[in-house]
Amino acid sequence: MNTEPKPIYGDGNPETHPLTWRLSKQEFVRSADDYEALEGYAGFKKALGMKPTEVLEVIKAATVKGRGGAGFPAGIKWSLMAPNDGGPRYLICNADEMEPGTFKDRLLMEKLPHQLLEGMLIAGYTLEATQGYIFIRGEYIEAAQYLNEALEQIRAKGYLGDNILGTGWNFELHVHTGAGRYICGEETALINSLEGRRANPRTKPPFPQVAGAWGRPTIVNNVETYNNLPAIMLRGPEWYIALSADKSKDPGTKIYGASGKVKFPGLWELPFGTTAREVIEEYAGGMRDGLKLKAWLPGGASTDFLAAEHIDLPMDAESIMKAGSRLGTCLLMVVDETQCMVSATRNLEEFFARESCGWCTPCRDGLPWAVKALKALENGEGKKEDIDHLQELTRKLWIGKTFCAHAPGAMEPLMGALKHFRGEFEAKVVNAAAQTDNVEQA
């Protein structure tokens, strides 16, 4: 285990840490001139020398997987966008980072705002977009400020506006601050909010690629996804795939993180396939003195709890899925042996119940019932039937039973907790029964 914090950028080599290497040169890179001195906008300018269809083939060949949690390949998503008919076409960045335990996008926006803008320019050119929006969490005040300053800098350089760098392509980019709802992480709810509507998810199909913002073709990707594009354009898909070739089928690097009672909570850029043990012990310094790992969430609050025995799993989509969870955002949340799994699960379910948009009945009514049952168990007032009801809710609020993925995501930590730590739930019932017997005898 390491005895001091390790930097996110590792050895600071652009060949091995494409997302963060610039931070080894400067604590932050917020000036367009500083960014350009460090290979900034070179990938964008290379893309402008190619046809949009050629750039799309590069992104598809690299198999850039979405970094917002779903992991859908960006190139395939882009290829499904409706053909250009001369009307408006929209590009959106989902920067509404409200997943509990996830804080990677904030760092990228605050320290490397131009890298996000360059990625969006590459995407916008490829998709022949006319307008772009960065939909950012309202609480990210500094990130929004730095992004707006960066936008003014690149407008002055001619990277935004009409006839960008003489290509005939017209594109504008804006920062839009959200009102603070977790449901805006769902792309169609985000689009509704962007349009000034209530943030409810939409029926799909039609998918946003065909009819999204204001009924026009729209692509939505995550902050970290766009951050991958500049280096891919410069170094090529073969290089990108080779970054993790000896560890995982998932190409490239990922910003991993750890929070909870580890010695050094933080973020690190590592190849896909890095094991959870490496993240927790080598980078986060292991558990705090006197504590032992009991459980962990692999990628934010809406993933299934895994047990300490799973710590040697490679952190990639296939390995985590086979273990019964989801890779999610790759930011691990650790639980130590002094913490109660019933309480930890109740805390998460309270968040999800509060953040339900209320659009569909299973989510609106089912999540509060889960919280009620968990509170009863936690307070020593629960019954065995409460555990059965919780198990039943994981089926009734699962994929296909609700309008969007909010409730199924909420059920994931509950499913993992019941699967691996059911004994703790049952012990709450036994203790409650024993206390009742003691009261009656007295």
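How many aromatic pairs does a search of the whole structure find? The answer is 14, and since this is a predicted model, please read every value here as computed from its atoms. Let's walk through some of these rings and then turn to the nonpolar cores.

A good place to start is Tyr 133 with Trp 214, an aromatic pair of the tilted kind, whose ring centres are 5.9 Å apart and whose planes make an angle of 45 degrees. Tyr 133 belongs to strand E2 (residues 131-136), while Trp 214 sits in the loop between helix H8 (187-194) and strand E4 (218-222), so this pair ties together parts of the chain that are 81 residues apart in sequence. Are the two partners buried or exposed? Tyr 133 has a relative accessible area of 16% and is buried, whereas Trp 214, at 41%, is partly exposed.

Next, look at Tyr 182 and Phe 352. Their rings meet edge-to-face, with 5.8 Å between centres and 70 degrees between planes. Tyr 182 is found in the loop between strand E3 (172-177) and H8, and Phe 352 in helix H14 (residues 341-355), so here the parts tied together are 170 residues apart in sequence. Both partners are buried: Tyr 182 has a relative accessibility of 13%, and Phe 352 has a relative accessible area of 0%.

Aromatic rings also gather in a group, with Tyr 35, Tyr 41, Phe 44 and Tyr 159 making up one aromatic cluster. Other rings have a charge for company. Over the ring of Phe 28 you will find the charged end of Arg 30, 3.7 Å from the ring centre. In a similar arrangement, Arg 235 lies over the face of Trp 239, 5.8 Å from the centre of that ring.

Now for the nonpolar interior. Which residues have the most contacts inside the largest nonpolar core? They are Ile 134 and Ile 136, in a core of 66 residues. Helix H6 (residues 113-127) supplies the largest share of this core, with eight residues. The core also draws at least three residues from each of domain 1 (21-242) and domain 2 (253-336).

Ile 136 is worth a click in your viewer. Setting aside neighbours within four places in sequence, its contacts include Ala 95, Met 109, Leu 147 and Val 175. Asp 96, His 176 and Thr 177 are also among the residues that Ile 136 touches.

Finally, there is a second, separate core of 34 residues, and among its members are Val 335, Leu 393, Phe 425 and Val 429.

How values were computed:
Residues are numbered from 1 along each chain as its sequence is written. This is a predicted model: local features need pLDDT of at least 70, side-chain atom pairs count only at pLDDT 80 or more; totals for chains, interfaces and linings use all residues. Side-chain values use heavy atoms; hydrogens and water are left out. Rings of Phe, Tyr and Trp (its six-membered ring) pair if their centres lie within 6.5 Å; planes under 30 degrees apart count as stacked, over 60 as edge-to-face and the rest as tilted. Helices (H or I, at least four residues) and strands (E, at least two) are DSSP runs, numbered from the N terminus. Buried means under 20% relative accessible area, exposed over 50%, partly exposed in between (1.4 Å probe, protein chains only). A charge sits over a ring if NZ of Lys or CZ of Arg is within 6 Å of the ring centre and within 35 degrees of the ring normal. A nonpolar core is a set of buried Ala, Val, Leu, Ile, Met, Phe, Trp, Tyr and Cys residues joined through side-chain atoms within 4.5 Å. Domain bounds come from an automatic or database domain assignment. Contact means heavy atoms within 4.5 Å.
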